[in-house]
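Biologist: Let us walk through this model together. I will ask, and you reason from the coordinates.

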Amino acid sequence: MSCSVAVSNSPVFSPSSSLFCNNKSPILKSQSPADTITLTLNHLKPSQSPSSSSSPSSPCSPLRLRLQKPPTALASSSLASTSGSSASTAAVLKRKRPARLHIPIMEVFGGPITSAAAEKAEIEIEGDGYSVYCKRGRREVMEDRFSAVLDLQGDPKQAFFGIFDGHGGSKAAEYAADKLDKNIIEEIAKRGEEQIEDAVKHGYLNTDSQFLKEDVRGGSCCVTALIRKGNLVVSNVGDCRSVMSIGGVAEALTSDHRPSREDEKDRIETLGGYVDLIHGVWRVQGSLAVSRGIGDGHLKQWVIAEPDTKIVRIKPEHEFLILASDGLWDKVGNQEAIDIARPLCIGVDKPDPLLACKKLADISVSRGCTDDISVMLIQMERYI
């Protein structure tokens, strides 16, 4: 592209051009519409030189811009400034469109989905005896994951369920959702049924140590439910939570691991760390708002992966179990969640647990939640 500015006495234009109206003085005196500066932009092929643009056979098509001359009182230095500005304008016109962004396929919930599917911002699954609904928050990528393994070891009365709430990315949640059930079952095989709580603990710790070897940033909170031989084994690290409906009464089977808990604060400080209150949220080392989790290698000295575990013998009054990330529990109370879900699951001709999950998530969003929300509802009657 060539850029020429018509200036008095310039060798590019003839001094006799009508553009200058035969004015000999470098100071411009007229303000009439005819007194303008002509900027000619020629789009040339790469093989053409600027001089070829004046040829009648040239294929280029000139673009002429008419710019108002400076006021009468300005000296010739102002005209030079105008010329510099015109050159800058031409430089701007040379900018090219940025390269097109390529968004790769992502692994979400154990299966590949395209970026278009991720844009839907929600996942819903209605399985055999369980339902899951996940809704993305304000982030561009969903960081929550879930796991559901039925007929564990070929036994229809055994199953494993989990909700995994990633932070600092989704890698830790993906890893835990894929590996944790296998590591727990492996530890049970080593230790036997009598040491199942210890087996679950080592399953969590092994998953954590394996993930740290991957040298990937981020971490994940977890809540899991292992159903085995008539027992419900519920474990958690972080602020994912499990709540059971027992005849319509809510019973929390886990306790959130947060730095605001006195016992967690004491543990962290005993290990040489500190807990700080930042904008109303207690954080480990002024950073993480949970005190236990999978991953978080930079805080591993204080953010441990050892779970709390509770074992419950399944009884007929145990109606259903809700596993959910803090996106739900930060806005919806335990008993309120049971009261909302129960009419859609118990005492009706056509139970609709998936609708119950959706309703809980929608209520949380309506109350201002901007985090990812994952809700799983497990019907307990099939495991009695």
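Biologist: Over how many bridges do strand 6 and strand 7 pair, and in which sense?

Modeller: A caution to begin with: this is a predicted model. Strand 7 covers residues 130-135. One bridge in this pair sets Glu 124 against Tyr 133 of strand 7. In total, strand 6 and strand 7 are antiparallel, and their bridges number 5.

Biologist: What is the strand order in the open sheet of 6 strands?

Modeller: Strand 7 is joined to strand 19 by 6 bridges, again antiparallel. Strand 19 pairs with strand 18 over 5 bridges, in the antiparallel sense. The full order of the sheet is 6-7-19-18-12-13.

Biologist: Which strands stand at the edges of that sheet?

Modeller: An edge strand here has a single partner strand, so one side of it is left without a neighbour in the sheet. From one strand to the next, the twist averages 15°. The edge positions belong to strand 6 (122-126) and strand 13 (249-252).

Biologist: Which residue of strand 19 is the bridge partner of Val 132?

Modeller: Strand 7 and strand 19 run antiparallel, with 6 bridges between them. On the strand 18 side, Leu 323 stands opposite a residue of strand 19, Met 376. The bridge partner of Val 132 in strand 19 is also Met 376.

Biologist: How many residues of strand 19 are buried?

Modeller: Take the two faces in turn. On one side, Ile 373, Val 375, Leu 377 and Gln 379 are buried. On the other side, Ser 374, Met 376 and Ile 378 are buried. The count for strand 19 is 7 of its 7 residues.

Biologist: Which strands does helix 7 touch where it packs on the sheet?

Modeller: Helix 7 spans residues 334-345. Its direction makes about 120° with that of strand 18. The strands it touches are strand 12 (241-246), strand 13, strand 18 (318-324) and strand 19 (373-379).

Biologist: And which strands does helix 8 touch?

Modeller: Helix 8, residues 353-366, packs on the sheet as well. The angle between its direction and that of strand 19 is about 150°. Helix 8 touches strand 6, strand 7, strand 18 and strand 19.

Biologist: How are helix 7 and helix 8 oriented to each other?

Modeller: Their axes are 8 Å apart, and the packing angle is about 150°. Angles over 145 degrees count as roughly antiparallel. The crossing is right-handed. Helix 7 is therefore placed, relative to helix 8, as roughly antiparallel.

Biologist: How many charged residues does the contact of helix 7 with helix 8 have?

Modeller: Helix 7 brings Ala 337, Ile 340, Ala 341, Leu 344 and Cys 345. Helix 8 brings Pro 353, Leu 355, Ala 356, Lys 359, Leu 360 and Ile 363. By class, 10 are nonpolar and no residues are polar; the charged count is 1.

Biologist: Turn to helix 3 and helix 4. Are they parallel or oblique to each other?

Modeller: Helix 4 covers residues 196-213. It packs against helix 3 at about 140°, with the axes 7 Å apart. The crossing is right-handed. Helix 3 and helix 4 are therefore oblique.

Biologist: How many polar residues does their contact have?

Modeller: Residues of helix 3 in this contact include Tyr 175, Lys 179 and Asn 183. From helix 4, His 202, Asn 206 and Gln 210 are among them. The contact has 11 nonpolar and 5 charged residues, while the polar count is 6.

Biologist: Is Asp 181 buried or exposed?

Modeller: Asp 181 is found in helix 3, residues 171-191. Leaving aside neighbours within four places in sequence, it is in contact with Val 149 and Phe 160. Its relative accessible area is 8%, so Asp 181 is buried.

Biologist: How far apart in space are Ile 314 and Ile 227?

Modeller: Ile 314 is found in the loop between strand 17 (308-313) and strand 18. Ile 314 is buried, at 10% relative accessible area. Beyond four places in sequence, its contacts include Ile 227, Leu 232 and Tyr 383. Ile 314 and Ile 227 are 87 residues apart in sequence, yet their C-alpha to C-alpha distance is 9.0 Å.

Key. Residues are numbered from 1 along each chain as its sequence is written. This is a predicted model: local features need pLDDT of at least 70, side-chain atom pairs count only at pLDDT 80 or more; totals for chains, interfaces and linings use all residues. Side-chain values use heavy atoms; hydrogens and water are left out. Two strands pair if DSSP finds at least two bridges between them. Helices (H or I, at least four residues) and strands (E, at least two) are DSSP runs, numbered from the N terminus. Axes are lines fitted to C-alpha atoms, for helices over the stretch in contact, and angles run from 0 to 180 degrees between N-to-C directions. Contact means heavy atoms within 4.5 Å. Angles under 35 degrees count as roughly parallel, over 145 as roughly antiparallel, 65 to 115 as roughly perpendicular and the rest as oblique. A crossing is left-handed if the near helix is turned anticlockwise from the far one by less than a right angle, and right-handed if clockwise. Ala, Val, Leu, Ile, Met, Phe, Trp, Tyr, Cys and Pro count as nonpolar, Asp, Glu, Lys and Arg as charged, and the others, Gly among them, as polar. Buried means under 20% relative accessible area, exposed over 50%, partly exposed in between (1.4 Å probe, protein chains only).
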